[in-house]
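Trainee: Could we go through this model together? I'd like to start with the empty spaces inside and then move on to the fold.

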Amino acid sequence: TALGLLMLTTTAQPSTTKALRFGHLWDGTRLMDNATVLVSDNKIVAVSSGNTKVPAGAEEIDLRKYTAIPGLIDLHTHITYYWDHAEGTKPLRQATPRRTADQLFEAAFDNARKTLETGVTTIRDLGASGGVDYRMRDAVNSGQKVGPRMFVASSGLSAPRGGTPNTLDQWRQAVATRVQAGSDWIKVYGSRGSFQSVDTTQTLTFDEMKAIVDASHAAGKPVAIHSYGASGVHDAVLAGADSVEHGIEVDDATFKEMVKRGTVWVPTIDHNRYYVDSKDEYQFAPDTIPPLQDYIQKNFEATARAFKAGVKLGLGSDAVYSGFGQNTG
């Protein structure tokens, strides 16, 4: 049985020293037997193996039937997508008026708590509005709130709906706006596809992606590009994206380019599984479920090929609303 080691230190504890005894501990590079983790004021101060002497006055906690692991990382969440399960509401049809930014800031920490309880101690949040994700990140970093360490993107960049497309200079300005606001990552929507829709239509050209990536990198910010389909994944990789989110039917040449460039692929396989399992909760139409199931299988097939090719893969749940607490799949 695995126990999220860092999660043990994030929940509120009295100011004291604790010695956690584990049968085994994986530190990310090696497995240690008969391990002791010394925690003081909710911070890990020492990790050792063998017959470690515990400081006088420390509380010993026997967890030797467990194997400890570092806190997990979820590379794709939407932490501010909160649903309180109020009667008569659904995740995508909640009560009106909408919560204020202050209300959402407080409410979304329920998602943060559930995330920590799964053993996830760091998240990359790829889509929020109203600057709430910035506030949550800063509140955790300052110790004001308990939650996973957060790297955030605020609202993603997406093609205008109808009308005139953005110029390349307008895309560069959009990047500058996100950077100035405090984004750690720049999130880009390079295709359609979301919730019950598995539409793979590419919505940004290679030149648009390249302008966004170049502007972001010039400002010292990495870029994550969303693409449900193969063409968008291909262009995102060639444009220099640091990570690509979702994707099916990716060709071997693109995987080879990912390996060459060190691009991380986050296939987010489990999020469509969650939509299938929660179809009644979301009130998805019956005819939307088979395409979701087909996408899952194509996701698995592409991920297996990517692994064999040596692509760097990242775990990303794409957790939204009631998906938090399941975001380790």
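Trainee: How much space lies in the second largest cavity?

Mentor: First, the ground rules: this is a predicted model, where local features need pLDDT of at least 70, side-chain atom pairs count only at pLDDT 80 or more, and totals for chains, interfaces and linings use all residues. Residues are numbered from 1 along each chain as its sequence is written, and side-chain values use heavy atoms, with hydrogens and water left out. A cavity here is a set of points, on a 1 Å grid over the protein atoms alone, where a 1.4 Å probe fits but cannot get out; its volume is the space filled by probe spheres set on the points, which are joined across faces, edges and corners. For the second largest cavity, that comes to about 30 Å³.

Trainee: And which residues line the second largest cavity?

Mentor: Lining residues have an atom within 4 Å of a point. By class, this lining has three nonpolar, three polar and two charged residues (Ala, Val, Leu, Ile, Met, Phe, Trp, Tyr, Cys and Pro count as nonpolar, Asp, Glu, Lys and Arg as charged, and the others, Gly among them, as polar). They are Y82, W83, H85, D110, N111, K114, Y321 and S322.

Trainee: How does the lining of the largest cavity divide by class?

Mentor: The largest cavity holds about 90 Å³ of space. Its lining includes D270, H271, R273, Y274 and Y275, along with S317, D318 and others. The split is four nonpolar, five polar and three charged.

Trainee: Is helix 8 largely enclosed or not, and why?

Mentor: Helices are DSSP runs of H or I, at least four residues long, numbered from the N terminus, and buried means under 20% relative accessible area with a 1.4 Å probe, protein chains only. Helix 8 covers residues 269-277, and seven of its nine residues are buried, so the rest of the structure leaves it largely enclosed.

Trainee: Which helices do the buried residues of helix 8 pack against?

Mentor: Those buried residues are I269, D270, H271, N272, Y274, Y275 and V276. With contact meaning heavy atoms within 4.5 Å, they pack against helix 9 (279-282) and helix 10 (289-309).

Trainee: Zooming out, what share of the 329 residues is buried?

Mentor: The C-alpha atoms fill a box of roughly 70 × 50 × 45 Å, taken along the principal axes. Among contacts between residues at least 6 apart in sequence, 67% join residues at least 24 apart. As for buried residues, they make up 45%.

Notes: 1 Å grid on protein atoms, 1.4 Å probe; cavity = no way out; pocket = protein on both sides within 12 Å on 5 of 7 lines; lining within 4 Å. Buried < 20%, exposed > 50% of the residue type's maximum accessible area, 1.4 Å probe, protein only. Helix = DSSP H or I, 4+ residues; strand = E, 2+ residues; numbered from the N terminus.
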